[in-house]
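Okay, thanks for coming, everyone. I'd like to walk you through one model today, starting with a few annotated positions and ending with how two of the chains relate.

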There are 8 protein chains.
Amino acid sequence: MATTTPVVGIVMGSDSDWPTMEAAATALDELGVPYEADVVSAHRMPVEMIEYGRSASSRGLRVIIAGAGGAAHLPGMLAAVTPLPVIGVPVPLRYLDGMDSLLSIVQMPAGVPVATVSIGGARNAGLLAARILGAGTTDEDAALRTRMEAFQADLAEVAHAKGAALRARRAGGPTGFTA
Amino acid sequence: MATTTPVVGIVMGSDSDWPTMEAAATALDELGVPYEADVVSAHRMPVEMIEYGRSASSRGLRVIIAGAGGAAHLPGMLAAVTPLPVIGVPVPLRYLDGMDSLLSIVQMPAGVPVATVSIGGARNAGLLAARILGAGTTDEDAALRTRMEAFQADLAEVAHAKGAALRARRAGGPTGFTA
Amino acid sequence: MATTTPVVGIVMGSDSDWPTMEAAATALDELGVPYEADVVSAHRMPVEMIEYGRSASSRGLRVIIAGAGGAAHLPGMLAAVTPLPVIGVPVPLRYLDGMDSLLSIVQMPAGVPVATVSIGGARNAGLLAARILGAGTTDEDAALRTRMEAFQADLAEVAHAKGAALRARRAGGPTGFTA
Amino acid sequence: MATTTPVVGIVMGSDSDWPTMEAAATALDELGVPYEADVVSAHRMPVEMIEYGRSASSRGLRVIIAGAGGAAHLPGMLAAVTPLPVIGVPVPLRYLDGMDSLLSIVQMPAGVPVATVSIGGARNAGLLAARILGAGTTDEDAALRTRMEAFQADLAEVAHAKGAALRARRAGGPTGFTA
Amino acid sequence: MATTTPVVGIVMGSDSDWPTMEAAATALDELGVPYEADVVSAHRMPVEMIEYGRSASSRGLRVIIAGAGGAAHLPGMLAAVTPLPVIGVPVPLRYLDGMDSLLSIVQMPAGVPVATVSIGGARNAGLLAARILGAGTTDEDAALRTRMEAFQADLAEVAHAKGAALRARRAGGPTGFTA
Amino acid sequence: MATTTPVVGIVMGSDSDWPTMEAAATALDELGVPYEADVVSAHRMPVEMIEYGRSASSRGLRVIIAGAGGAAHLPGMLAAVTPLPVIGVPVPLRYLDGMDSLLSIVQMPAGVPVATVSIGGARNAGLLAARILGAGTTDEDAALRTRMEAFQADLAEVAHAKGAALRARRAGGPTGFTA
Amino acid sequence: MATTTPVVGIVMGSDSDWPTMEAAATALDELGVPYEADVVSAHRMPVEMIEYGRSASSRGLRVIIAGAGGAAHLPGMLAAVTPLPVIGVPVPLRYLDGMDSLLSIVQMPAGVPVATVSIGGARNAGLLAARILGAGTTDEDAALRTRMEAFQADLAEVAHAKGAALRARRAGGPTGFTA
Amino acid sequence: MATTTPVVGIVMGSDSDWPTMEAAATALDELGVPYEADVVSAHRMPVEMIEYGRSASSRGLRVIIAGAGGAAHLPGMLAAVTPLPVIGVPVPLRYLDGMDSLLSIVQMPAGVPVATVSIGGARNAGLLAARILGAGTTDEDAALRTRMEAFQADLAEVAHAKGAALRARRAGGPTGFTA
């Protein structure tokens, strides 16, 4: 895996989704995974969208992350035209808190799966992409898997520290409090 | 409008949607509107789906009716590649009572509308197609609009008859009942 | 079609719906479709509402766009008294994010269809009206359909530009980023 | 109040609602309240529907019970054209378990109230009509209120008896059970 | 009906509900209906709550309006201990937009009806109370019913004026706009 | 704790809830906890319901399990009149799959908690009551806690056995299957 | 019960839950119940989470209060590894108003109950813990139960005062207002 | 990739989930991917569950598929203890149509992703696992990716055939039908 060739494609229907989707890029940066990011709209540029999906694998991408909101068709349509795993991020719009986005992405018919993460969960999409790449059997993949394990150990560290801070903050509390 | 050339295309993602979608065809038959029916899957044959939408207008279609269930992408994707009005029918699947189908179809982003009818409402999709055709300004279109008015008068007739039947059935009811 | 005679009627239950519904007017302006706009309340002026629907076709309207919120009865009641296609816009109110408006509009009984667009989707209602008019067979209708195709090409242009902008903005990003 | 003149009107959009709505009639029979029952469809016979509402009070009706399903407009439209209290019964249809019916009936805009009961709750609609009539100040109204109190005492009786039966049934149960 | 004796009781579980419930009082003021207002909590003072309901009719009340939020038990519990009609107002709390309040109030079991209005719909609760009182057969009741008819005529007036204002505001609009 | 004196009261609004609620009794039987079962309706016998709650503690009950459906007020009303922990079981009714029951029980206002279990989860209500009793500090309570630990160990045993059975059943499966 | 040894453990997945969960601590302070508070994350430190649950009883805890949001697994996982009663607090996150948190906590499978309180209802979690402790049979437990009864009496006092204040505030209101 | 060593682990909380989960196994069989299947319950055997997740990667698994229903914690808990990608299948239970299962699985907090498929969508879970394996860079992985492309081509074939069958079936239909 040459680190300068993107192996993950992050796409979204509009640049207005970028504030949500940027967290996927950040996660991949943290784990040293090269990626590309682009606007690919299922509804506004359907032919280019299909071309993007069809060429993804031959261009070297190994995972696609697609964010969309409302009647969110982008992840599912890309999954229809690539054999690669496609991760869908339900982007919440002004109404319905992203429930429409979630159902439009996750309820795919048998035959064409989309790996759906939580509403607005672009960071997890990036982490999931890293897990998928780390499931490979090359040394480079194993190294990424090891970085993921280190990342998970860090999560535990941070959680421990938060607990310690909470206990410390509470130490001078009201009589009878012992934590 | 030559009655032997289809002006409405009824499409669905799978032939398993036909029991739901057939009611659209029946409504068009009743109103004398020629149509075609086909399986066009957004997820299983995306390129042909786009071709279907792109050629629809030049083939003489004036309205497309598309039924789909779950993460229902067919109506919206067709609307993305045709200037014709697209009517979406949310087909209910085994779970969620069609709420996922409804939201996946109706919550389209600005720019690409889908005329959505009720969950499982294929009959209304046929009637809406007829109304759309009848909104034209030719004599043939006006004739269809007149048939629609006659159809609506029939609805009132039937409702009246049902009321009369209910009142009759109740006539020998318990003391104190006067209807 | 004389361009000074309205062919679309935009109506709403209260002038408080205008900030939502104005987007339908804007879309029609962009596409050169003449329209009228009015307050027609199903609940506060039911007789005038019915009269509006009954006379719409003879007054020259070819499509009605009706916006309403909560127990939103206006689109369905108008559809009951006109053979024209009626487009319903679910206006979101203070609570429930427009889900009540959506269900009250889209779940019409068999016989009386309403072409429902997304919650707050007045712009799409205007675009759908233009598609419906463009489905006619006169030269004027064909010209509108051609304008709709140009509008759709513009959507693709804008989406392309957004993608380019996103890629450009990202070009000086962290090491390893290649887009 | 002459017992042979209906004071409650039970109406519904279709005779297919009668199996649900009959329970309202039964409750009124039990409490000796004269009523009429009819099919009055907001969508299929809107003009007659408005006439029904407008004439209700002058015909001697004091309460209207209206059942409807899906995009349920009948109760609200009747409330718009009568000063009488209108009770709405959300009739559940094939999908969505009556949630659409409930929201379409209960979420009325300020100015036009509908007294909504539970999904499929026609029996309670009948009982509510009797409470409304019993809120009057004539001797006849007071007598009905007294009958309602007796009805409520009966409810308590039946509940007591059910408790006794449950305790009795359990008496020979497993060791350690003492009820 | 002596105007100084309350005939409607407006109650709520907490004074924090008053900003919502005040609209019921305002509506009754407008229609000249005397009422009382109080805090009666099903959960915090259950015995007094039951006493309130039990004595309501003998104290001269003819209708009870009860507002509550979340697991909203007040309207249903009052309905259990009075033969009077009880109107329930679902008060929206911080989460769930009042859907919990609505279901907790409207889904009453057979035998004990609550006349439910819209989420936050206290104004309609007041208007419904006036309709219920106006359904009586005394001259005073008929006079209230007449005032309700005048109120409804005013609603239509206001709606007409809004339509005129909208049309006027649009008169200098873009070319092609004719309203 | 004399094993013949009930320490848990299982109550429900109607004997029609017994098929659901019986599982609570069975769980308590399995763990040797004495209980009583009765019909106590918040809506049909509110005064007796309050008396039941008020006397529960002095009669020796330590936990109350209350099941109810729809606008489910029984658990919350009992919690209002007893200092004991009250466990609420949302009983699903014909429509809405118990969502109304759940929200009516769990969304209690601050001050009056109900320990809510899953929709139809009466078995877990019984187990929760046993955990609550086992949280006491007497020898008898500790013995019950020990029985709960044994019960939990049994759950693990059964799950292990199911895994073994599944692996065994799959052993002669298609080529390539290795479990 | 030595008042300096915690008998309740308040845990949460992240210190960002503390603003919500603090109300549980406050309620326990008011009732004189000693507790500890800590960050214990099911997803970020699963092994420590299990150890926390496994040792809780032997460390002297008698009740665990666990708050979590979204796919909220902490309460259920703790309940799986302790025989103590576990109270779950659904913490609302940015989207869905806590509905996901609620369902993830309350819908536990048979065998492993979680005592769920309302969305964001940490105060009630504290009060429920006190009720559970007060259900014990020692003198100390009885004293806590008595304090709970006093707390409930205070709730009634406050509600009464609010009613008086509301009536006072309304006393100079519009003509015809009598409360 | 030795075809006799499982690279996918299919686990579920109970053997009652097998009828749903079997479809994942079938999909993997069709694509020649070796797997194992087992019962691993988060709630009934939490320690073994964690051990399963912790050892998965070192045992040679590259993807885990976990199905669970209701408060479905298994997929998320496994994701917390493995660096491998975990696919979650929301198993629908008796109530709520799997909405609780879906939200409990998909709404994972940042840091711990679960790749969620549709409600009951075990077949897609198997296909997604194959896509993930095929995203690897070895020859064996590329071969699997090629098989996935063939599988997708088959989907299109079958859809085409269904369309042909529908058109054929309709060929002798009513006059005016042209498909």
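So, let's start with this: is S14(A) buried or exposed? Keep in mind that we're looking at a predicted model. S14(A) is buried, because its relative accessible area is 10% and the cut-off for buried is under 20%.

Why pick that residue? Well, the unreviewed UniProt entry lists S14(A), D17(A) and R44(A) under "binding site". I'll stick with S14(A) and D17(A) here.

Where does S14(A) sit in chain A? You'll find S14(A) in the loop that runs between strand 1, residues 8–12, and helix 1, residues 18–30. Leaving out residues up to four places away in sequence, S14(A) touches V39(A), and it also touches K162(C). So that's one partner from chain A and one from chain C, if you want to click on them.

Now D17(A). This one is also in the loop between strand 1 and helix 1 of chain A. D17(A) comes out at 9% relative accessibility, so it counts as buried. And what does D17(A) contact, once we set aside neighbours within four places in sequence? Its contacts are M12(A), G67(A), A68(A) and V91(A).

Okay, switching to chains D and E. Turn chain D by 180°, with a shift of 0.0 Å along the axis, and you can lay it on chain E with an RMSD of 0.0 Å. That's the relation of a two-fold axis. As for the interface, 100% of the interface residues of chain D are interface residues in chain E too, so the copies meet through the same surface.

Conventions
Residues numbered from 1 in each chain as written. Chains lettered and ligands numbered in written order. Predicted model: local features only at pLDDT ≥ 70, side-chain atom pairs only at ≥ 80, totals over all residues. Heavy atoms only, no water. UniProt positions renumbered as here; feature names shortened; annotations may be inferred. Helix = DSSP H or I, 4+ residues; strand = E, 2+ residues; numbered from the N terminus. Buried < 20%, exposed > 50% of the residue type's maximum accessible area, 1.4 Å probe, protein only. Contact = heavy atoms within 4.5 Å. Least-squares fit on C-alpha atoms with pLDDT ≥ 70 in both.
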